[in-house]
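Me: Hi! I have a fold open on my screen and I'd like to talk it through. Could you help me read it?

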Amino acid sequence: MPQTRDTVKEFDFNAKDFERVRAMIYKRAGIALADSKQEMVYSRLARRLRATGINSFVRYLDDLEAGRLGAEWEAFTNALTTNLTSFFREAHHFPLLAEHIKHKRGEQLNLWCSASSTGEEPYSIAITACEAFNTLTPPVHIIATDIDTNVLNTAANGVYPIERIEKMPMEQQRRFFLRGKGDKAGLVRVRPELRQLITFRQLNLLEDDWAIRGPFDAIFCRNVMIYFDKATQRKILSRFVPLMRSDALLFAGHSENFLYVSDSLKLRGKTVYELDAAHRSAGAKAPQRA
């Protein structure tokens, strides 16, 4: 059947090219792309070909692997990273976090959001901490990491369309966000006190050396593991365990089950885990700045 004008692609992209991309992103970021993602990969990487002025996927991938494209590896990874998030997504986690940290009054608390995306999740954590301690300066430090540098820049700026917060109670909107005026109308910015609670940092969970230190009172790793195969999931979880305080909580996504890939954790509540008895007794104790 001949291709119509609507189906002709700008660049040739076949199954062999797709398999090559799959191998490269798996090695680089641990992301296991499903067979059904070929069209998505074409669409996202076609933009990189236009940006670099390259007219062939084969040449683009050759130049990338040969190191001839400078910082393009970062753009390649960013293009294939999915960043779906919202404020207070999976809302049942936040009351449990509030109760957990309220019991630790008088301590400096360290929390880690390991896939911060555009910032809605770490800011939701920060809001929860402020409400739990009834102050804009709670004894909490949040480290928020992501592999995608583009979304980290958005997160650090803390500026969002006002529609992003419309489902939040009006009291939260007033207390934690500043509304834009003039040419900024229709935008909101997270209050500076909230931003000061968070350190944003680029981090690839596949790296051999994570540039962060525990111990953490809670780790959010939600809707991340679904992109990894079981071996990668097991490796990452095994590295979380030594970074967790003995009573720390690990928050997972709604479709993730860590019990099948780790014997160090037990279920505390709906998609919330804690260390099992053996690992609780050996939990991280020495306080360090993340």
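Me: What radius of gyration does the protein chain have, and what would a compact globule have?
Reply: The protein chain has 21 Å, and a compact globule with 290 residues would be near 19 Å, so the two agree. The radius is taken over C-alpha atoms, and the globule rule is 2.2 Å times the number of residues to the power 0.38. This is a predicted model, where local features need pLDDT of at least 70, side-chain atom pairs count only at pLDDT 80 or more, and totals for chains, interfaces and linings use all residues. Residues are numbered from 1 along each chain as its sequence is written, and side-chain values use heavy atoms, leaving out hydrogens and water.

Me: How many helices and strands are there?
Reply: The protein chain has 11 helices and 10 strands. These are DSSP runs numbered from the N terminus: helices are H or I with at least four residues, strands are E with at least two.

Me: New topic: where is the cis peptide bond?
Reply: It joins Gly214 and Pro215, with omega about 5 degrees. Pro215 sits in the loop between strand 6 (198-202) and strand 7 (216-221).

Me: And what about phi at Phe88?
Reply: Phe88 is not a glycine, yet its phi is positive, about 55 degrees. Its loop runs between helix 4 (72-79) and helix 5 (93-102).

Me: Is Phe88 buried or exposed?
Reply: Buried, because its relative accessibility is 18%. Buried means under 20% relative accessible area, exposed over 50%, partly exposed in between (1.4 Å probe, protein chains only).
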